[in-house]
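Visitor: I have a model to look at, and I'd like to know what sits behind each label people put on it. Can you walk me through it?

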Amino acid sequence: MSPSKLNYRPDIDGIRALAVIAVIIFHAFPLLAKGGFVGVDIFFVISGYLITGIIVKSLKDRTFSFKDFYARRIRRIFPALIVVLIATWFAGWLFLTPTEYVFLGKHITAGALFGSNIILANESGYFDSSSDLKPLLNLWSLGVEEQFYLLWPVILFVCWRKKISLKWIALGVIAVSFSWNIWTTFLWNIFSIGLYPYGNYYLPFSRFWEILAGGLLIDLDRKQENLPVQNKIYLGRFSCQDILSIVGFAGLLVCIFGFNKELPYPGVCALVPIVSTMLLLAAGSDSWINRNLLGNRYIVFVGLVSYPLYLWHWPVLAFARIISYDTLSIEVRLICIAITVTLAMLTYFLVEKSVQSIFSRKRVAITSLLCTGLLLVVFLGLYIGHTNGFEKRFPALEGYAQKMKSFSNTFDIAAKSSKCFFVTEDAVDELREYEKNNCLNNPVNGKPYMLLVGDSHAASIFPGVYHDFEERTNIGRLMAGYCIPMIENLNYRNHTDSTDRCQRINAYIFSKIREAKPDILLVDAYYLAYALQDGWSYPNFISDFVENINQLKVSGLKHIIVIGQVPTWKPSLREVLERSLMRRNYIAERSKVGLDEDSIKVDSILKAEKWKSGVYYIPIVDNLCDQYGCLTMVGKNFPNDLITLDYGHLTEKASIYIVKN
């Protein structure tokens, strides 16, 4: 028997169109639709509604089979995905350095295995590459969906056979998933450091409730038909369905244009786009908004090509950013959208429609061919890693990947190995470790006492401080990642750096400074992030930071040295120099290419501040930069002599060079 189908609703494709347009605008022109990321949540609800509806109807009709269900998922998902992954593979060959290509290979493999979200969750953190430069970042949502559909059909089938209430099962799963989501994006942020929400954004457990929310609109009763009910009840001029559609549509517009990425998300905020989408679906295709706007044939067509549009838009934008090194101009972003639309149309008509027409006649052959094609893509991704990113493409970089791997390990140790630098989730444990590891290193031998405080940038300069001052001074250090340093009373919470953990750590550090009264207090931090960067900036950071430092000086400290903002790079100095080797077989001693001008700006601001007598601001920029650009290496050996491996954390050699000079 043929599988049961839900009646086609053109307005659902209209809702898809709204979702994909929101996502594309958010990624290309974020200031125009600051909350456009909710488009993914809209997709989740639609998917849950349609797939649950199809499964439940086929269970009622006794036509359900796992073989048919997954064959149709393969026919729907695989063709465009294979095309995009192979195209990305070739684009990487043309434009990426070996190191970048190895990284892409890992993401191609993960994307083909529907595990991109897991990979991205594990990559979230201090030393992660910029998300804007990951060509397959958008596949995280596909991973969440397919992981869900490995479980949900089985649950529905078993419950149906055992005559267990499907509605209660769905509500139970929603309750558990939503509770996990709230814990990791809200409560965790209050009581901890806000690290987990980055990974939590991608994890399936925090998103399953969104997909199931759409499924709740399906009548899970064993005898009745599926929602929505089309009988209209009028309240004045408008029917209840009209009101539902107007409220739902307005809710989505509020999210798209009113939300922003500073919100703890998904969290409680995700209820707004989820419920709004549910209202639009429940309103039915004959409600006013659904019929007149979302049912418009042009809007519907955008919805029909929404899947290839979603797949193509991010790789196109990401490669444009990789090639340009910098923020894309409006003209380039418009060109990227034009390319995306062209590729999506070609994919829809030449690939998806062709597979769809053949599928009904040769289902087994097409399914087998698509599975084989995706396995081939997995092999292609793995093969990139096996060949070290096909490094022989560029003779100047041959053998470089292995050197880079070895050096990366050394850099990681140099940046994070200090027993007095922590990025863990529990402030109590960190304070205990400070004491256990004698991080204060209180003087007992009459030598001057120096105390280094700050974030991960303080940790990265510590090797230089230790190398130059260890014999002459007693050096203490108290350092914590993901925290705004040297502001005693953090009175503003955001999702990263001013949580309860940070407040407790800062209070501890200030108390120890006053207690120990070091001869020299050294302060180092990533000031740029706290002053200007989205997601990290703290209101009035510069003025509060300067005021707290000056107050410490007045309280009786002899000398305070504020180590200046180091020059930072987009996306990283390593990638900038790799690309220079790739294109010109040459590395400039100084460079402006990829240099983040905001780091120079923040240094100038701090240098101009009114510091108390005895407070010394040391401008690192003056030492590393001139009219020709900023120093890229402290020697001739690449990559071992790099100033920094990532955007701005100093290598061990660079920290020694800077402190000595």
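Guide: Let's take salt bridges, then one helix, then the cavity.

Guide: This is a predicted model, so local features need pLDDT of at least 70 and side-chain atom pairs count only at pLDDT 80 or more, while totals for chains, interfaces and linings use all residues. Residues are numbered from 1 along each chain as its sequence is written, and side-chain values use heavy atoms, with hydrogens and water left out.

Visitor: What makes arginine 16 and aspartate 13 a salt bridge?

Guide: The term asks for a side-chain nitrogen of Lys or Arg within 4 Å of a carboxyl oxygen of Asp or Glu. Here the N to O distance is 2.8 Å, so the pair fits the rule. Both lie in helix α1 (residues 10–28), three residues apart, about one turn of the helix. Helices here are DSSP runs (H or I, at least four residues), strands are E runs of at least two, and both are numbered from the N terminus.

Visitor: Why is aspartate 11 called buried?

Guide: Buried means under 20% relative accessible area, exposed over 50%, and partly exposed in between (1.4 Å probe, protein chains only). Aspartate 11 comes in at 1%, so it counts as buried. Its salt-bridge partner is arginine 9, with the closest N and O atoms 2.7 Å apart, and arginine 9 is buried too, at 10%.

Visitor: Which parts does the pair of glutamate 100 and arginine 579 tie together?

Guide: Glutamate 100 and arginine 579 form a salt bridge, their closest N and O atoms being 2.6 Å apart. Glutamate 100 lies in helix α4 (residues 98–112) and arginine 579 in helix α23 (residues 573–584), so the pair links parts that are 479 residues apart in sequence.

Visitor: How do you know that the buried residues of α26 line one face?

Guide: In helix α26 (residues 652–660), the buried ones are Ala654, Ser655, Ile658 and Val659. Down the axis they fall within an arc of 125°, so they line one face; the arc is that of the directions from the helix axis to the C-beta atoms.

Visitor: What is the make-up of the lining of the largest cavity?

Guide: A cavity is a set of points, on a 1 Å grid over the protein atoms alone, where a 1.4 Å probe fits but cannot get out, and lining residues have an atom within 4 Å of a point. The lining divides into nine nonpolar, two polar and no charged residues. α20 gives the most, with four residues.

Technical notes: Ala, Val, Leu, Ile, Met, Phe, Trp, Tyr, Cys and Pro count as nonpolar, Asp, Glu, Lys and Arg as charged, and the others, Gly among them, as polar.
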